[in-house]
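Let's take a look at how strands and helices are arranged in a protein chain. Keep the 3D view open while you read.

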Amino acid sequence: MINCGITGSSGVLGKKLIKINNFKFIKFKGDISNKNDVDQWIKKNKFDLIIHLAAIVPTNVVEKNYKLANKVNYQGTVNLVKSIKKYNINLKWFFFASTSHVYLSKNKKSFLKESSVKKPYSLYGKTKLKAENFIKKNFNGTYKSCIGRIFSFTDKNQSNNFLIPAIIKKIKNAKNKKLIFNNLHHYRDFISTDDICSAIIHLWKKKAVGEYNIASGQKIYLETLVKLICKKYNLKCVVTKDNSKKTYLLANINKIRKLGWKPRKNINLIIKDYLN
C-alpha cells in the first residue's frame, strides 16, 4: 500500500483525490501555519509521497485578508518543506498544487508555457509563487518535487466565491427570465476536477520533477460559458459591453502531454457534471 500524506484533504480537490484513489491517505489535520503541528505530523508518519493542497484560494478572500492567506499559502509551505528536511524522511515524491495566477495575464491570445513570464496578477498568485520559489530553492537535488500549476476549474462543492457557483447562484435567485452580466470579456482554460486528480496521479507514477501546467489546453470565452449555463436554465442573459480589453489565461500543456497524460472532459461535460 502506498502511504500518501495529504494536506488540504477537506477541500474540493482533496476530497476528490481521496475518493478516486486507493492510496493509504494520511491526512494532515492541524494548522499548516503552525510549525509544531507540521513537525508532529512529519515525525509520526512514514510517507511514500506528500501531496500539498492546503491553501486559501478564492481571490476575493485572499485580497480581504492577505496576511492570513500568506501565512497559510506561503508560510505553511515553508513549515512543511523545513520539516521534511529536518527529519530527513525517506520521501519519494512531493507535489505542490500551484496556480495559473503566477503567470502574467495576456491581452492577446497566447498559450502559456511553464517557462512563460511569472508575474502574478492576483495576491493569491503572489503567495503561490513565493511558495514555489521556496520549494525549488530548498528541495533542489534533495527530494523529487513537482509543481502543478492548476488552471481554472469548478466543482459543485465549491463556494460561491468562485466564478461558476456565483453565476449559478445569480441564476437561481433571478426574479425574471432575463439576466444582466458584466466583466465577461475574457478567455480562460477550464479543467475538470477528475482530470486534475488524474494528472496528479500520472505525475506521481512518472515521478515527474519540475513545473507542469495542469489544464485542458482549450480556451473558453466567459460570455459563451455564461450563455451555455443560462441556456440550461432556460434563461436569457445579456452581457454588457465595456471598454476593458479581453484577457487570456490559457495553458500550453505539451509538457505534461509528453508524459502520456491528456484531459478527458471538455467544458460541456464539466458543466453537465456540475449541474447533475
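Here is a short tour of a sheet, a helix lying across part of it, and a pair of packed helices.

## The sheet

First, keep in mind that this is a predicted model. Its open sheet has 6 strands, and if you walk across it you meet them in the order β2-β1-β3-β4-β6-β11, with parallel pairing. At the edges sit β2 (24–27) and β11 (210–214), and each of these pairs on one side only. The sheet isn't flat like a board: neighbouring strands are turned by 25 degrees against each other on average, ignoring direction.

Let's zoom in on one pair. Strand β3, residues 49–52, runs parallel to strand β4, residues 93–99, and 4 bridges link the two. Pick out I50 and look for its bridge partner in β4: that's F94.

## A helix across the strands

Now find helix α5, which covers residues 123–139 and lies across β4, β6 (145–150) and β11. Compared with β4, helix α5 runs at about 155 degrees.

## Two helices that pack

Next up are helix α6 (residues 163–172) and helix α10 (residues 267–275), which pack at an angle of about 55 degrees with their axes 12 Å apart. That angle makes α6 oblique to α10. The crossing of α6 past α10 is right-handed.

Which residues of α6 and α10 make the contact? On the α6 side they're I164, P165 and I168, and on the α10 side they're I271, Y274 and L275. Sort the residues of this contact by type and you get 6 nonpolar, no polar and no charged.

Note on methods. Residues numbered from 1 in each chain as written. Predicted model: local features only at pLDDT ≥ 70, side-chain atom pairs only at ≥ 80, totals over all residues. Heavy atoms only, no water. Pairing = 2+ DSSP bridges. Helix = DSSP H or I, 4+ residues; strand = E, 2+ residues; numbered from the N terminus. Axes fitted to C-alpha atoms, helices over the stretch in contact; angles between N-to-C directions. Contact = heavy atoms within 4.5 Å. Parallel < 35°, antiparallel > 145°, perpendicular 65-115°, else oblique. Left-handed = near helix turned anticlockwise from the far one by under 90°. Nonpolar A, V, L, I, M, F, W, Y, C, P; charged D, E, K, R; others polar.
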